[in-house]
Amino acid sequence: MAISTSATGDGWSSRSAFILAAIGAAVGLGNLWRFPTLAGESGGGAFVIFYIGCVVLLGLPLLLAEIFIGRAGQTDAVGSIRKVATQSRVSPAWSLVGGLGALAAFLIVSFYSVVAGWVLYYVGVFASDFFGALFAGEPFRGALQGQSQEQIAGRMGDLFANPWLLLTMHLLFMGTTLIIVARGISGGIEKAATWLMPAFFVLLLGITIYGAIVGDIGEAAAFLFTPDWSKLTPEVMNSALGQALFSLSLGVAGIITYGSYIRQGTPLGSTALAIGFADTAVALIAGLMIFPIVFAVGLDPAAGPTLVFQTLPFAFESMPAGSLIGLLFFVLILVAAITSSISLLEVPTAWGVGEMGWSRTKSSLIFGVGAFLIGIACLLGYNVWSDVRPLGFWSLFAETDILDTVDGFTGKVMLPLGALFVSIFVGWRADRRLLESTTGLSPIMFTIWRFLLAWLCPLAVAIILVTGLFPSIL
Ligand code: PHE
């Protein structure tokens with residue numbers, strides 16, 4: 001008999017549905033936009049290798065810890081932590097960690113939707129270019145023909161200067177996210193993931209193979225995997241850790257929330273491994289998809305957040321069938337973004353349902369509209385409010401606009417803090433028998449997991465957090 005799990009009686013219909021949805025949550029703008037941007041800015045190899053270390057030694061144990069809390073608690077993040085705390089006879093105040101996570105997820109989805117809106121805009125740009133070429137009888141021509149590099153790169157500037165256009169894209173993306181979340185787990189989230197994720201992998205591999213054929217994959221691989229350790233500063237380590245957490249959806253209680261819908265008897269250890277492996281593979285493949293193209297046309301890998309949006313459209317110009325490849329590329333990012341934004345909005349929504357007793361519709365509306373409004377502030381930061389520096393008093397954020405501040409503060413501060421608390425809670429406070437029976441790990445794996453979680457995670461995260469945020473103490 002299928003065992004219904006969550007507080008609302010809704011749940012994943014199978015283990016593979018959960019894995020697909022969790023991979024959908026993990027794989028997103030983090031892999032395809034944030035990872036290449038940071039790897040490029042941080043000089044490649046050393047960042048990438050440190051990032052992989054963070055995923056294996058810190059990310060995987062934390063992933064299992066969050067799945068455990070969700071599976072054992074079977075309700076929203078706050079309620080799940082409270083339940084595990086009560087069963088372990090420790091203070092229910094630990095549930096505040098779930099509240100912190102829900103707040104972080106709420107803040108992240110606000111700017112996430114704005115960036116996804118840029119993606120949507122480029123889908124439109126390449127769709128009109130591709131269909132224009134098709135109707136002109138030249139389906140294999142490059143993208144945006146006849147335009148100079150300045151004109152193509154300038155599109156980003158035109159978009160940023162137009163608050164109404166940014167707002168429309170943000171509205172469309174957030175609205176879609178909200179509708180899917182309001183429909184619930186098996187009806188909305190699961191259906192979206194089981195359709196979109198396979199399409200995503202087909203597109204990803206297709207474009208990577210294309211890039212390897214026409215681009216410079218050797219130089220890209222050398223850039224991504226040859227470390228220059230002098231580039232590994234405390235700040236780079238902090239952003240690599242933040243990126244590992246962001247990409248695996250950790251520290252925001254997202255995996256706790258998704259884990260609460262898992263059915264009984266699902267092996268948690270191998271599930272965590274599958275999710276971590278898939279997410280990291282996609283980030284690395286994304287690097288191998290993007291950098292060969294960047295190098296082939298002699299572009300700067302350290303272009304920053306505009307790398308994907310500004311330089312790649314230029315790269316597509318000189319490629320055969322570039323407008324089709326460009327269209328597919330941005331559809332790919334959009335697909336990945338929507339399955340992630342769903343999971344982000346789900347965290348506060350589940351909190352409203354579980355803790356406040358709101359209906360799913362009401363809860364998703366409250367948080368969806370709230371995040372939409374914060375997103376408006378983020379997008380106005382590119383035009384009307386371009387001088388605003390929300391955390392300008394803090395040297396780390398002195399130069400950052402509204403969107404980068406929300407991104408940086410959640411990624412560099414809130415996610416590591418969330419991860420720190422989760423590792424202490426599960427590593428030190430949770431009842432051992434509950435841990436053993438829920439995870440079902442073999443004794444050896446259990447010992448390794450508990451060691452990494454109880455010792456390495458809190459120490460490493462605390463050190464990276466403090467030195468990254470306050471480099472002057474070194
Ligand atoms: N992991 C997602 C990405 O890589 C972002 C995300 C973070 C989703 C936290 C859910 C929770 O894009």
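**Helix 1.** I began with helix 1 and found it mostly covered, with 10 of its 12 residues buried. The model I am reading is a predicted one. The buried residues I listed for helix 1 are Ala17, Phe18, Ile19, Leu20, Ala21, Ala22, Ile23, Gly24, Ala25 and Ala26. I then looked up its length: helix 1 reaches 16 Å from its first C-alpha to its last, close to the 16 Å expected at 1.5 Å a residue.

**Core.** Next I looked up the largest nonpolar core, which has 166 residues. The members that touch the most others are Ala22, Leu63, Ala105, Val119, Phe330, Ile333 and Leu334. I noted Ala22 again here, having just listed it among the buried residues of helix 1. Helix 5, residues 96-135, gives this core its largest share, 24 residues. I picked out Val119 and left aside its neighbours within four places in sequence; Val119 is then in contact with Phe330, Ile333, Leu334 and Ala337.

**Ligand.** Which residues are closest to the ligand? I found Gly28, Gly30, Ser249, Gly254 and Ser340, out of 16 residues that surround the ligand. I sorted the shell by class and got 8 nonpolar, 8 polar and no charged residues. At least two residues of the shell come from each of helix 1 (15-26), helix 2 (29-41), helix 5, helix 10 (234-247) and helix 14 (322-356).

**Ser249.** I went back to Ser249, one of the residues closest to the ligand. Ser249 sits in the loop between helix 10 and helix 11. Its phi is positive, about 60 degrees, although Ser249 is not a glycine. Is Ser249 buried or exposed? I recorded Ser249 as buried because 29 other C-beta atoms lie within 10 Å.

**Arg89.** I looked for another positive phi in a residue other than glycine and noted Arg89, with a value near 55 degrees. Arg89 is in the loop between helix 4 (77-87) and helix 5. I put Arg89 down as exposed, because it has 8 other C-beta atoms within 10 Å.

**Helix 7.** I turned to helix 7, residues 163-182, which has 20 residues. Helix 7 reaches 27 Å from its first C-alpha to its last, close to the 28 Å expected at 1.5 Å a residue. Its buried residues are Leu166, Met169, His170, Phe173, Met174, Thr177, Leu178, Ile180 and Val181. They lie on the same side of helix 7, because they cover an arc of only 165 degrees around the axis. Just after helix 7, I noted Gly184 with a positive phi of about 95 degrees.

**Helix 12.** Helix 12, residues 268-296, has 29 residues. I compared its reach of 42 Å, from first C-alpha to last, with the 42 Å expected at 1.5 Å a residue, and the two are close. Gly298 follows helix 12 and has a positive phi, near 70 degrees.

**Two loop residues.** I checked Ile262, in the loop between helix 11 (254-259) and helix 12. Ile262 counts as buried because it has 23 other C-beta atoms within 10 Å. Its C-alpha is separated by 30 Å from that of Leu459, 197 residues apart along the chain. Last, I checked Asp387, in the loop between helix 15 (360-380) and helix 16 (402-429). Asp387 has 8 C-beta neighbours inside 10 Å, so I entered Asp387 as exposed. The C-alpha atoms of Asp387 and Trp351 are separated by 35 Å, with the residues 36 apart along the chain.

How values were computed: Residues numbered from 1 in each chain as written. Predicted model: local features only at pLDDT ≥ 70, side-chain atom pairs only at ≥ 80, totals over all residues. Helix = DSSP H or I, 4+ residues; strand = E, 2+ residues; numbered from the N terminus. Expected span 1.5 Å × (residues − 1). Buried ≥ 20, exposed ≤ 12 C-beta atoms within 10 Å, placed from the backbone. Arc of directions from axis to C-beta. Core = buried A, V, L, I, M, F, W, Y, C linked by C-beta atoms within 7 Å. Contact = placed C-beta atoms within 7 Å. Near = placed C-beta within 6 Å. Nonpolar A, V, L, I, M, F, W, Y, C, P; charged D, E, K, R; others polar.
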